[in-house]
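Subject: Structure for your review

Dear colleague,

Please find below the structure I am handing over to you. A summary of what was found in it follows, and I would be grateful if you would read the two side by side.

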Amino acid sequence: MAEETLDPPQRKAAKRRIAGLFLALFAIFAAGVWLLRQPIAEAIARGVCESQRLSCKLSITRFDIGGVTLTDIDARAPGSADASVTARDIVIDLAWDGPFSPRPVSVSGSALVVRLDLTGKRSVFGDLETAIATVTRPTDQPPAPLPRLQFTDLAVIADTLSGPVTAKGKITAANANAFTVNSRRRPHRSASRAPSSIFPRRS
């Protein structure tokens, strides 16, 4: 039985059809990933939280080459009644030093609340201890420049032996040499004898 052979033009056309099919499948896959990038990123973020011994609820309303916007953030130890971090939104703008080398150039947010522990019974970072240790772990890479910071309605709640103490204020930083912290005190009624501010007060 004779084998069927394709003429050179037919072979080229077949190869083009196969290549076109693979390109079409890749385009469909890429479009699906792009359309689902925010749910995928949310799932990744929750996985990162779990690796840091935190349970996180959040939404990602922007996720593109320029950065990411997180909203309705609530991070706490699993089963804890008190959140370690909450925020209305956190916006992280990125710059790219290479195809796979993004770095934050600006971090801002609103209604950010952070809870610390000043009871002396555990780390001052409380339930954030694992996450802070991970972020500050020494590496062989030179430290990246400090991103611009802008948190204008920040609250820090410190748990003390006399009860919780709240300091409200703002943090702004144009760079590592222009770092400003302003605060105003607001002690809880149940902690009138506790220190009223955990930030240094600036005039």
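**Backbone and local environment**

Asp72 is placed in strand β2. Please bear in mind throughout that this is a predicted model. Although Asp72 is not a glycine, its phi is positive, at about 50 degrees. Most residues other than glycine have a negative phi. Asp72 has a relative accessibility of 54% and therefore counts as exposed, the cut-off being over 50%.

A positive phi also occurs at Ala111, where the value is about 55 degrees although the residue is not a glycine. Ala111 belongs to the loop between β4 and β5. Its relative accessible area of 22% makes Ala111 partly exposed.

Strand β2 also holds Thr69. Is Thr69 buried or exposed? Thr69 counts as buried because its relative accessibility is 11%, and the cut-off for that class is under 20%. When neighbours within four places in sequence are set aside, the contacts of Thr69 are with Ser59, Ile60, Thr61, Arg62, Ile90 and Val91.

Two further positions may be of interest. Ser101 is located in the loop between β3 and β4, and with 35% relative accessibility Ser101 counts as partly exposed. Residues up to four places away in sequence not being counted, Ser101 touches Ala95 and Trp96. Gly163 is part of strand β7, which covers residues 163-173; at 15% relative accessibility Gly163 counts as buried. Between Gly163 and Thr119 there are 9.1 Å from C-alpha to C-alpha, with a separation of 44 residues in sequence.

**Overall architecture**

Three helices and eight strands make up the secondary structure elements of the protein. Read from the N terminus, their order is α-α-β-β-β-β-β-α-β-β-β. The protein has 203 residues, and 29% of them count as buried. Among contacts with a separation of 6 or more, 42% are between residues 24 or more positions apart. The accessible surface amounts to about 14,000 Å², and carbon and sulfur atoms account for 60% of that area.

**The largest pocket**

The largest pocket encloses about 2,200 Å³ of space. Which residues lie nearest its centre? These are Ile90, Val107, Ala131, Ile132 and Val135, out of a lining of 48 residues. Ile90 has already been named above as a contact of Thr69. By class, the lining consists of 40 nonpolar, five polar and three charged residues.

The following elements each supply at least two residues of that lining:

- the helices α2 (37-51) and α3 (129-135);
- the strands β1 (55-64), β2 (67-76) and β3 (85-96);
- the strands β4 (102-110), β5 (112-117) and β6 (148-160).

Strand β2, which contributes to the lining, is also the strand in which Asp72 and Thr69 are found.

**Confidence**

The average pLDDT of the protein is 80, and 72% of the residues score at least 70. Over residues 190-203 the pLDDT is below 50, and in the model this stretch has 35 contacts beyond near neighbours in sequence.

With kind regards

Terms used: Residues numbered from 1 in each chain as written. Predicted model: local features only at pLDDT ≥ 70, side-chain atom pairs only at ≥ 80, totals over all residues. Heavy atoms only, no water. 1 Å grid on protein atoms, 1.4 Å probe; cavity = no way out; pocket = protein on both sides within 12 Å on 5 of 7 lines; lining within 4 Å. Points joined across faces, edges and corners; volume = space filled by probe spheres on them. Helix = DSSP H or I, 4+ residues; strand = E, 2+ residues; numbered from the N terminus. Nonpolar A, V, L, I, M, F, W, Y, C, P; charged D, E, K, R; others polar. pLDDT = per-residue confidence, 0-100. Contact = heavy atoms within 4.5 Å. Buried < 20%, exposed > 50% of the residue type's maximum accessible area, 1.4 Å probe, protein only. Areas by Shrake-Rupley, 256 points an atom, 1.4 Å probe, with all protein chains shown as cover.
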